[in-house]
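Colleague: Hey, can you walk me through this one? I'm still new to reading structures.
Modeller: Sure, have a look first.

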Amino acid sequence: MSDSAAKPRPQFRNISVPQILSYRLPLAGKLSILHRISGALLFLCLPLVIVPLFAASVASPESYAQIAQYADNVLVKLVLLVLIWGYLHHFCAGIRYLMLDLHVGVDKVSAQKSAGVVLGVSLALTLVFALKLFGAL
Amino acid sequence: MAATNYGPKRLVVGAHYGTIDFIVQRITAIIMAVYTLVLIVGLLVMPAFTYENWKALFTFHVFALPVGQLLATLAFFALAWHAWIGVRDIWMDYVKPVGVRLLLQVLTILWLVASVVYFAQILWRL
């Protein structure tokens, strides 16, 4: 018992900001930080973009039609697409976390596989919205 | 504090250890996911994507009950509560000074309550 005091045990702390870029996260880790980023993004845009957009879409036929005019701008399209990605990613990754809570796919191999599936599905759905938004569909 | 603060000797005071928040985070997620499915079904059975039909998704009545508005309101409350827990977790993970963290948490609550009121007054004016 007394020996353990002599040998200092390794300490693991949060990585610092310059370390973030060189830190290689597994796919599930990337999914996790994207879940956090997309959630924060949706939170910030809630009263700034999302609720005003909803307001315009339901207030009157004129304001409803005006959305299409605003969305002619490429910058507006990009903002909308980022928010659409945020929602889709947060939704898909959230379903995965609920499954993990139910002890479905907790082992390493299937957890990595489901992380890939979530990333693939959310990006594919985002692509569908992008094609629709930019008029290719 | 006692030397052994875990297991049966754990000092049970002061906090609820986040269990309620853990459960609320998941229940509100399920509520929002179900509401998303409700909206998707609504969009699928919609004869045409017009202003009137879109608005009806949020204003439809069942036996004089404003079900569309009620569902949207409940989903939005779930959203706000879910966002509160999530954003609070971000502050707790990355912001260590207690004063700054408290300020950010207060601002988060104001941001979310303002969003709820803003959404509700648009929805219930329809």
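Colleague: Where in chain A is confidence lowest, and where is it highest?
Modeller: The mean is lowest in helix H1 (residues 3-6) of chain A, at 61, and highest in H4(A), at 96. The score is pLDDT, the predictor's confidence in each residue, from 0 to 100. Helices here are DSSP runs of H or I with at least four residues, strands are runs of E with at least two, and both are numbered from the N terminus.

Colleague: Any ground rules I should know?
Modeller: This is a predicted model, where local features need pLDDT of at least 70 and side-chain atom pairs count only at pLDDT 80 or more, while totals for chains, interfaces and linings use all residues. Residues are numbered from 1 along each chain as its sequence is written, and chains are lettered from A and ligands numbered from 1 in the order in which they are written.

Colleague: What does chain A average overall?
Modeller: Chain A averages a pLDDT of 90, and 95% of its residues score at least 70.

Colleague: How many helices and strands does chain A have?
Modeller: Five helices and zero strands, so the pattern along the sequence is α-α-α-α-α.

Colleague: And what's the radius of gyration of chain A?
Modeller: Chain A has 21 Å, whereas a compact globule of 137 residues would be near 14 Å. That radius is taken over C-alpha atoms, and the globule rule is 2.2 Å times the number of residues to the power 0.38. Along the principal axes, the C-alpha atoms of chain A fill a box of roughly 80 × 30 × 25 Å.

Colleague: What share of chain A is buried?
Modeller: 15% of the 137 residues. Buried means 20 or more other C-beta atoms within 10 Å of the residue's own, exposed means 12 or fewer, and partly exposed is in between, with C-beta atoms placed from the backbone.

Colleague: Let's pick a residue. What does Leu42(A) touch?
Modeller: Leu42(A) sits in helix H2 of chain A. Leaving out residues up to four places away in sequence, Leu42(A) touches Leu83(A), Gly86(A), Tyr87(A) and His90(A). A contact means that the two C-beta atoms, placed from the backbone, lie within 7 Å. Leu42(A) and Leu83(A) are 41 residues apart along the chain, with 6.8 Å between their C-alpha atoms.

Colleague: Why does Leu42(A) count as partly exposed?
Modeller: Because Leu42(A) has 19 other C-beta atoms within 10 Å.

Colleague: Switching topic: how many residues does each chain give to the contact?
Modeller: Chain A gives 18 residues and chain B gives 19. On the side of chain A that touches chain B, H2(A) gives the most, with eleven residues. By class, that side of chain A has 13 nonpolar, three polar and two charged residues. Ala, Val, Leu, Ile, Met, Phe, Trp, Tyr, Cys and Pro count as nonpolar, Asp, Glu, Lys and Arg as charged, and the others, Gly among them, as polar.

Colleague: Last one: what's up with phi at His103(A)?
Modeller: His103(A) has a positive phi of about 65° although it is not a glycine. Most residues other than glycine have a negative phi. His103(A) lies in the loop between H4 and helix H5 (108-133) of chain A.

Colleague: Is His103(A) buried or exposed?
Modeller: Exposed, because His103(A) has 7 other C-beta atoms within 10 Å.
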